[in-house]
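User: I'm new to reading protein structures and would like a close look at one part of this one, the pockets. Could you walk me through them and show me what surrounds them?

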Amino acid sequence: MASPDQDLTPVLDKDGVRLTVDDALATVTLTNPAKRNAQSPALWRALADAGRSLPGSVRVVVLRGEGQSFSAGLDRQMFTPEGIPGEPTFVELARRDDAGLDAAIAEFQEAFTWWRQSDIVSIAAVQGHAIGAGFQLALACDLRVVADDVQFAMRETSLGLVPDLTGTHPLVSLVGYARALEICATGRYVQAEEAVASGLASVAVPVGELDAAVRDLAGALLAAPRDAVVETKALLQGAAGRTYDEQRAAERQAQARRLRDLAGVGE
């Protein structure tokens with residue numbers, strides 16, 4: 001996949017993650033195509049740092065991976081007895097008490113949580129493999145645009161683990177409980193046609209058109225007034241937890257704020 005951000009000076013560039021900012025558009029790129037953008041704790045820390053480094057001007061964030069795969073999941077070295085130098089092995093993690101293990105996983109999850117904050121819209125541009133942690137990273141974003149060669153799979157259960165990088169909630173929200181269970185428990189591939197039909201992806205395009213499709217979507221999102229998008233996103237995010245009447249009330253309150261703001265009338 002091409003690098004539309006390669007001519008910009010990176011705000012952050014470390015541990016397989018590059019962040020560039022072009023006014024209201026930020027691009028986070030996974031930059032280790034030789035390992036199919038495999039993920040490690042260092043990469044997760046870099047992703048969390050990217051979220052903390054976003055300027056306030058940013059409205060849309062694009063997440064992409066260099067090379068033929070978006071992300072093939074966990075670095076396989078994490079599964080070896082020696083693990084990744086400088087990082088705790090799985091055995092060392094397992095030996096921690098409940099609080100220590102919970103804190104470690106919560107720190108890993110920070111790489112996946114900021115993509116849905118209310119003041120930005122995030123788009124994952126996904127080609128090739130998006131496996132396990134790669135699938136969950138794509139699910140962390142608000143929207144997904146996929147290439148026609150995409151292969152999503154949740155392989156954690158097949159390894160005796162569970163998906164723990166925030167992917168279960170958005171997966172159920174998008175495809176429903178039954179299909180989410182079947183996808184996770186079997187570890188099978190979900191390809192482009194099913195991804196679009198099930199709601200996992202907004203659209204599928206040929207690999208060579210992925211960058212252009214994402215640029216078009218980002219441009220359309222940026223064309224709308226920022227405050228209206230922020231309010232609308234908050235309304236939609238909270239809808240599942242509200243009753244119909246509560247959602248009606250939330251709509252009225254949000255619209256009142258927008259009308260007063262447009263009219264320059266203070267509350």
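Analyst:
**The pockets and their surroundings**

Let's start with the whole chain. A compact globule of 267 residues would have a radius of gyration near 18 Å, and the protein chain has 19 Å, which agrees. Keep in mind that this is a predicted model. Along its principal axes, the C-alpha trace spans about 65 × 45 × 35 Å. The chain holds ten helices and ten strands.

Now for the largest pocket, which encloses about 720 Å³ of space. Its lining is made of 30 residues, and those nearest the centre are Leu-74, Phe-79, Phe-90, Leu-159 and Leu-161. Which kinds of residue make up the lining of the largest pocket? Sort them and you get 19 nonpolar, seven charged and four polar. Several elements chip in with at least two lining residues each: helix 2 (90-94), helix 3 (98-113), strand 6 (129-131) and helix 4 (133-140).

Next comes the second largest pocket, with about 560 Å³ of space. Here 20 residues form the lining, and Arg-116, Asp-142, Lys-233, Leu-236 and Gln-237 lie nearest the centre. That lining divides into ten nonpolar, six polar and four charged residues. At least two residues apiece come from strand 7 (143-147), helix 5 (168-175) and helix 9 (226-239). Which element gives the largest share of this lining? Helix 9 does, with five residues.

Strand 7 is a handy bridge to the next bit of the picture, since you can follow it from the second largest pocket into a sheet. That sheet is open and has seven strands in the order 1-2-3-4-5-7-10, with mixed pairing. At its edges are strand 1 (12-14) and strand 10 (203-205), each pairing on one side only. From one strand to the next, the twist averages 20°.

Helix 1 (residues 41-52) packs on this sheet, where it touches strand 1, strand 2 and strand 3. The direction of helix 1 makes about 175° with that of strand 1. Two of the strands it touches are also partners: strand 2 (residues 17-22) and strand 3 (residues 25-30) pair in the antiparallel sense over six bridges. To spot that pairing on screen, look for Leu-19, which stands opposite Val-28 in strand 3.

Methods
Residues numbered from 1 in each chain as written. Predicted model: local features only at pLDDT ≥ 70, side-chain atom pairs only at ≥ 80, totals over all residues. Heavy atoms only, no water. Pairing = 2+ DSSP bridges. Helix = DSSP H or I, 4+ residues; strand = E, 2+ residues; numbered from the N terminus. Axes fitted to C-alpha atoms, helices over the stretch in contact; angles between N-to-C directions. Contact = heavy atoms within 4.5 Å. 1 Å grid on protein atoms, 1.4 Å probe; cavity = no way out; pocket = protein on both sides within 12 Å on 5 of 7 lines; lining within 4 Å. Points joined across faces, edges and corners; volume = space filled by probe spheres on them. Nonpolar A, V, L, I, M, F, W, Y, C, P; charged D, E, K, R; others polar. Rg over C-alpha atoms; globule rule 2.2 N^0.38 Å.
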